Amino acid sequence: MDPIVYLDHAATSWPKPPEVFEAMRNAMEEAAANPGRGSHRMAVKASRVLYGTRKTLADLFGVKNPNDIALTSNTTEALNLAIKGYLREGDHVIATMIEHNSVRRPLEYLKRTRGIQVDYISVDGEGQLDMQLMEGAFRSNTRLVVCSHSSNLLGSIIPLVEIGELVKRKGAVLLVDAAQSAGMLDIHVEEMHIGMLAFPGHKGLLGPQGTGGLYISPDIDLEPLLHGGTGSQSEAIEQPTVRPDRYEAGTPNTIGYAGLQAGVRKVLEWTPQHIYRHEWELSQYMMEGLQEVGGLRILGPALGQARTGIVAFVSERYSASELAFRLDREYGIAVRAGYHCTPLAHMASGTEQTGAIRASVGISTSRGEIEFMRKAIKEIHS
């Protein structure tokens, strides 16, 4: 049975707005040449697609110069570019216990290969961060603070404004993983003192998979993650210094970025404030129903508290994989089970041995779909 209730928006949003399909089709028909590699009309159109996408993203995130946004294939690539391109031997990094493996694994790799030092700041059972612990973790060689804006397991939201002010005061750089917040929470890179912002195109920004990006402050220079052709400074041996070419070697996903631009335009039309309110109300309605079922434990912030549209829970009667399987096969409800690539957050929530079920809503999710999911959980546990 094909999913009739899609509750896996934290992994990728679905369905995409019709405008995304139209933009991708138009780009395939009219702008499918290689951008920056030729002066003919179709190549110029392709270049305009990429710049238009950067401009629209800049409008969303408060970026002054669109060329400070490097387009990537996903958040993971963006985070690897930021972390590996910025840190040097002996640097100290502060991260948190809600980080995704896309942050943790590059950091652990650099611990082994470059001798960097990393402290992971603990969070409470709801995923809330203690700012005093973070401030106390700074050292004389602290050069980078990496924070997930919202936990992809707990749905908790960190105090990004306070963190940005702290990091600025300490003279470090703030890298934000916006995988679960871009398009749903207000983000302004200058007002929040964000040095680098990694984001996906295929989640809250409503674009296709294979798209994402990294905002890089003009005060920061990164070592490129990839080296190769850019269409600019082709006579040079080294990677170009001009942005964004310095960070975008190889033929880009022009068709996908056309879809991303259309998705971001829809976000700007609806506004992140409206999207957040919609998802928050649905998450609260879901939690109310789950609380009526015996033997369930809901993870993350309590009912009524701020959270993104993620509700994870564990069952005393069924394993996460069994419950997710039954929801899919018997009811056509798509959720995700397991460890969600965030073992640190599972340690914080006490679910490192069991994993969890994660149901996540999006702007297209309806109250009726949540009601159907609530009834399905009750029937399975009856």
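**Exercise 1.** Which residues in H1 meet which residues in H7?

*Solution.* This is a predicted model, in which local features need pLDDT of at least 70, side-chain atom pairs count only at pLDDT 80 or more, and totals for chains, interfaces and linings use all residues. Residues are numbered from 1 along each chain as its sequence is written, and side-chain values use heavy atoms, with hydrogens and water left out.

Step 1. Locate the helices: H1 covers residues 18-30 and H7 covers residues 254-270. Helices (H or I, at least four residues) and strands (E, at least two) are DSSP runs, numbered from the N terminus.

Step 2. List the contacts, where contact means heavy atoms within 4.5 Å. From H1 come Glu 19, Val 20, Ala 23, Met 24, Ala 27 and Met 28; from H7 come Ile 255, Gly 256, Ala 258, Gly 259, Ala 262, Gly 263 and Lys 266.

Step 3. Sort them by class: eight are nonpolar, three polar and two charged. Here Ala, Val, Leu, Ile, Met, Phe, Trp, Tyr, Cys and Pro count as nonpolar, Asp, Glu, Lys and Arg as charged, and the others, Gly among them, as polar.

**Exercise 2.** Describe how H7 packs with H1 and with H2.

*Solution.* Step 1. Two packed helices are described by the angle between their axes and the distance between the axes. Axes are lines fitted to C-alpha atoms, for helices over the stretch in contact, and angles run from 0 to 180 degrees between N-to-C directions.

Step 2. For H1 and H7 the angle is about 150° and the axes are 8 Å apart. The two helices are therefore roughly antiparallel. Angles under 35 degrees count as roughly parallel, over 145 as roughly antiparallel, 65 to 115 as roughly perpendicular and the rest as oblique. The crossing of H1 and H7 is right-handed; a crossing is left-handed if the near helix is turned anticlockwise from the far one by less than a right angle, and right-handed if clockwise.

Step 3. H2 (residues 41-61) packs with H7 at an angle of about 30°, with the axes 9 Å apart. That makes H2 roughly parallel to H7. H2 passes H7 in a left-handed crossing. Among the residues of this contact are Val 49 and Leu 57 of H2 and Tyr 257 and Val 264 of H7. By class, the contact of H2 with H7 has 11 nonpolar, five polar and two charged residues.

**Exercise 3.** At what angle do H3 and H4 cross?

*Solution.* Step 1. H3 (residues 75-86) and H4 (residues 101-114) cross at roughly 30°, and their axes come within 9 Å.

Step 2. H3 and H4 are therefore roughly parallel to each other, and their crossing is right-handed.

Step 3. The contact includes Leu 79 and Ile 83 of H3 and Leu 107 and Leu 110 of H4.

**Exercise 4.** Which peptide bonds to Pro 15 and Pro 244 are cis, and where do these prolines lie?

*Solution.* Step 1. The bond from Trp 14 to Pro 15 is cis, with omega near -5°. Pro 15 is in the loop between strand E1 (5-6) and H1.

Step 2. The bond from Arg 243 to Pro 244 is cis, with omega near 0°. Pro 244 is in the loop between strand E8 (212-216) and H7.

**Exercise 5.** Describe the backbone at His 193.

*Solution.* Step 1. His 193 is found in the loop between strand E6 (173-177) and strand E7 (196-200).

Step 2. His 193 is not a glycine, yet its phi is positive, at about 55°.
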